[in-house]
Amino acid sequence: MIPNQHNAGARSHQPAVFRMAMLDTDLDHILPSSVLPPFWAKLVVGLVAIVCFARSYDGDFVFDDSEAVVNNKDLQAETPLGDLWHHDFWGSRLSSNTSHKSYRPLTVLTFRINYYLSGGFHPVGFHVVNILLHSGISVLMVDVFSVLFGGLQYTSKGRRLHLAPRASLLAALLFAVHPVHTECVAGVVGRADLLCALFFLLSFLGYCKAFRESNKEGAHSSTFWVLLSIFLGAVAMLCKEQGITVLGLNAVFDILVIGKFNVLEIVQKVLRKDKSLENLGMLRNGGLLFRMTLLTSGGAGMLYVRWRIMGTGPPAFTEVDNPASFADSMLVRAINYNYYYSLNAWLLLCPWWLCFDWSMGCIPLIKSVSDWRVIALAALWFCLIGLICQALCSEDGHKRRILTLGLGFLVIPFLPASNLFFRVGFVVAERVLYLPSVGYCVLLTFGFGALSKHTRKKKLIAAVVLGILFINMLRCVVRSGEWRSEEQLFRSALSVCPLNAKVHYNIGKNLADKGNQTAAIRYYREAVRLNPKYVHAMNNLGNILKERNELQEAEELLSLAVQIQPDFAAAWMNLGIVQNSLKRFEAAEQSYRTAIKHRRKYPDCYYNLGRLTQAGRGPETALHKYADLNRHVDALNAWRNATVLKPEHSLAWNNMIILLDNTGNLAQAEAVGREALELIPNDHSLMFSLANVLGKSQKYKESEALFLKAIKANPNAASYHGNLAVLYHRWGHLDLAKKHYEISLQLDPTASGTKENYGLLRRKLELMQKKDV
């Protein structure tokens, strides 16, 4: 018994169930009936999804994972849970001018749970969760596609019927194996898209339940499911901003499918001023208007709350992030936006050329209609207009419904990334296609069914479908391998986007981190050549040149970087280091102070400011410039600021102890040393410095204990043994002094001070032996 049917198609005289069966029958040569029961269909889809991306399970944290996960303090127990609701996805305060305003607290919460359960930043746990999420979403897609292809029909007990098992299984398989999903699954940061998609689909299915036969229970049941759908949409939005679009999709589904609203028929009646328009059921349907009011109110409430939390300021993006949005001509902006849409469509159709980043020259701007790439956007709109016409004008109501919902899933979730309502921070991003690919799978599956219906070469169609599934699975496996490490990921982008300066920059950074400076320089230079205003590449290249003592070119690059971006604090600090090496101390001090001006909380810069040295002094006998100018207090204040901002800044603590020691302030040096060791109890360099101070204060026993503890932590430090020997020498433990002098000289035979002290000790021992004789 099927007492309740919700299907569009008033024009068609064929029963809805018969038309749906015809669609499914057209695919019977592709999918065997043995896997059609829902349980087996879902099991197959789930396993296939896992197989596609399983290779990424033991991958590293790559690309954006470093900022969003590894360096995000919101994941750590020390950060109060409440801070997640005031911070963006990257851990910055939403009120900050530098915030990207990406508000995804629930996604960050799952990262925090992962961190807690894994006992730290162990990527395996993070990756496994992503793979399982994609598998679960793919399983859920069987139910979603069942609704899209088969409609909403229920038994007398209120159980929804699966009327298109072949179509829903094929579409779910196409979704599960689509290579464009690799970024979301293999990149930990992609969890935002996965969680958003999960709650998006649950919201859609929840909305569908508002129309089951349980309406016998009264209006409260229907309202409950609508409100639950809105709540799940809000959860989706708290995972990623794109989630709010489910409310628009639910509205389209309600109006066009449940309300059987025929757009073409209404338009025709409006044009003819037909009086029967007043009697349209939709306009008299209070239930529909009530549901639309709930959806509209829910969406407005979500946007208002998010606006209040985020603040009124828009995120700050630069021209390199999205060059088309900075074009002066509206025509140029429109052409390029539409070209970007065509590229996204191509990634869905042919996901072979995939890249982790499509910015910085990867896609040159189209500046005139004579550019041959205009053909791509023309082709896109030709196809879209054709599909829209079929969705509006087809005599077959079932066909209209599937095409409308397919286009709805394709377009509506993509709207936040379209640049139509606000500027986005990317050109093309594969991750934003996770939900739109649902619509693509609907259209492709419907196309295969239509093609099978009108051709006798059904085996050829089956071979094509199976070939697409197999090739996409293979591509997923290969692409997942590329996401396992940054080196593979960055190098894979060279063949896709050789003009992308960020690709060359990231390869250079990866090489520099591994110590291959020569190769890193080559890629950094190419990044600067491709984008002469790429200040981060200039900064990193200047750093390497500084370490290689190529100071003149380093200074030129860093000076250019701060000219292009005057508030680039890191470049100012690095410029100060280079100027210090060039013995231009006043210029160095000015650069450090400018860096601190633009970044108040900059402990390393405070450390370097205090460390400015006088020309011609070696590191072991260095007198600080501040000390030379009788500015001991300024040096100490600079290092104290560094330790306040970064309490574990061992170098700053050490410099304070050494400066106070050298200037005879032993009591203050001891106090600072003890304070430092309380904060960093296992730092052997601090133990060594404090031991020296205690030895000079004749606190021999305590000094000895610290020296021995430092030696245990770092037994091959010649200076540790040498200074302990000096302590024993002063203390009168001459045999122990002799032992540690000898160990020190074995470790560093060139230490002149140790040689001299050892010589004095030997002469003293010889004199003592002669006296004894």
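What follows is a chat between a trainee and a mentor about a predicted model.

Trainee: Let's start with the outside. Which residues make the nonpolar surface patch of about 870 Å²?

Mentor: The patch is built from Trp346, Leu349, Trp352, Trp353, Phe470, Ile471, Leu474 and Val478. Keep in mind that we're looking at a predicted model here.

Trainee: Sure. Which elements give two or more residues to that patch?

Mentor: Those are α14, spanning 330-349, and α18, spanning 458-482. The most comes from α18, with four residues.

Trainee: And where is tryptophan 353 found?

Mentor: Tryptophan 353 is in the loop between α14 and α15, the latter being 374-393.

Trainee: How does tryptophan 353 count in terms of accessibility?

Mentor: Tryptophan 353 counts as partly exposed, because its relative accessibility is 45%.

Trainee: OK, new topic: salt bridges. How many does a search of the whole structure find?

Mentor: The search turns up 25 salt bridges. One of them pairs the side chains of arginine 291 and aspartate 254, at 2.6 Å from N to O. Arginine 291 belongs to helix α13 (residues 286-310) and aspartate 254 to helix α10 (residues 246-258), so this pair ties together parts that lie 37 residues apart in sequence.

Trainee: Is arginine 291 buried or exposed?

Mentor: Buried: arginine 291 has 11% relative accessibility. Aspartate 254 is buried as well, with a relative accessible area of 0%.

Trainee: What about lysine 514, which side chain does it meet in a salt bridge?

Mentor: Lysine 514 meets the side chain of glutamate 487, again with an N to O distance of 2.6 Å. This pair links distant parts of the chain, 27 residues apart: lysine 514 sits in the loop between α20 (501-513) and α21 (517-530), while glutamate 487 is in helix α19 (residues 486-492).

Trainee: How much relative accessible area does lysine 514 have?

Mentor: Lysine 514 has 54%, so it is exposed. Its partner glutamate 487 has 34% and is partly exposed.

Trainee: And lysine 696, what does that one pair with?

Mentor: Lysine 696 forms a salt bridge with aspartate 661, 2.8 Å from N to O. Here too distant parts of the chain are linked, with lysine 696 in helix α31 (residues 684-696) and aspartate 661 in helix α29 (residues 650-662), 35 residues apart. Lysine 696 is partly exposed at 40% relative accessible area, whereas aspartate 661 counts as buried at 11%.

Trainee: Which residues are joined into one network by salt bridges that share partners?

Mentor: That network holds Glu670, Arg674, Lys699 and Glu702.

Trainee: Switching to helix packing. At what angle do α26 and α28 pack?

Mentor: About 160°, with the axes of helix α26 (residues 603-610) and helix α28 (residues 632-645) 8 Å apart. The two helices are therefore roughly antiparallel to each other.

Trainee: Is the crossing of α26 and α28 left-handed or right-handed?

Mentor: Left-handed.

Trainee: And α5 with α17, how do their axes cross?

Mentor: The axes of helix α5 (residues 123-150) and α17 come within 11 Å and cross at roughly 55°. That makes α5 and α17 oblique to each other, and their crossing is right-handed.

Trainee: Now backbone angles. What's the phi of asparagine 419?

Mentor: Phi is near 70° there, a positive value in a residue other than glycine. Most residues other than glycine have a negative phi. Asparagine 419 is in the loop between α16 (397-411) and α17 (436-453), and it is buried, with a relative accessible area of 10%.

Trainee: Where does asparagine 549 lie?

Mentor: Asparagine 549 lies in the loop between α22 (535-547) and α23 (551-564). Its phi is positive too, about 65°, although it is not a glycine. Asparagine 549 is exposed, with a relative accessible area of 58%.

Trainee: Back to the loop between α16 and α17. Is serine 418 buried or exposed?

Mentor: Serine 418, which is found in that loop, is buried, with a relative accessible area of 2%.

Trainee: How far apart are serine 418 and tyrosine 341?

Mentor: In sequence they are 77 residues apart, but in space serine 418 and tyrosine 341 are 7.7 Å apart, C-alpha to C-alpha.

Methods. Residues are numbered from 1 along each chain as its sequence is written. This is a predicted model: local features need pLDDT of at least 70, side-chain atom pairs count only at pLDDT 80 or more; totals for chains, interfaces and linings use all residues. Side-chain values use heavy atoms; hydrogens and water are left out. Patches are made of residues with over 30% relative accessible area and no salt bridge: like charges are joined within 9 Å, nonpolar side chains (Val, Leu, Ile, Met, Phe, Trp, Tyr) within 5 Å. Accessible areas come from the Shrake-Rupley method with a 1.4 Å probe; for residues, only the protein chains shown count as cover. A salt bridge is a side-chain nitrogen of Lys or Arg within 4 Å of a carboxyl oxygen of Asp or Glu. Buried means under 20% relative accessible area, exposed over 50%, partly exposed in between (1.4 Å probe, protein chains only). Axes are lines fitted to C-alpha atoms, for helices over the stretch in contact, and angles run from 0 to 180 degrees between N-to-C directions. Angles under 35 degrees count as roughly parallel, over 145 as roughly antiparallel, 65 to 115 as roughly perpendicular and the rest as oblique. A crossing is left-handed if the near helix is turned anticlockwise from the far one by less than a right angle, and right-handed if clockwise.
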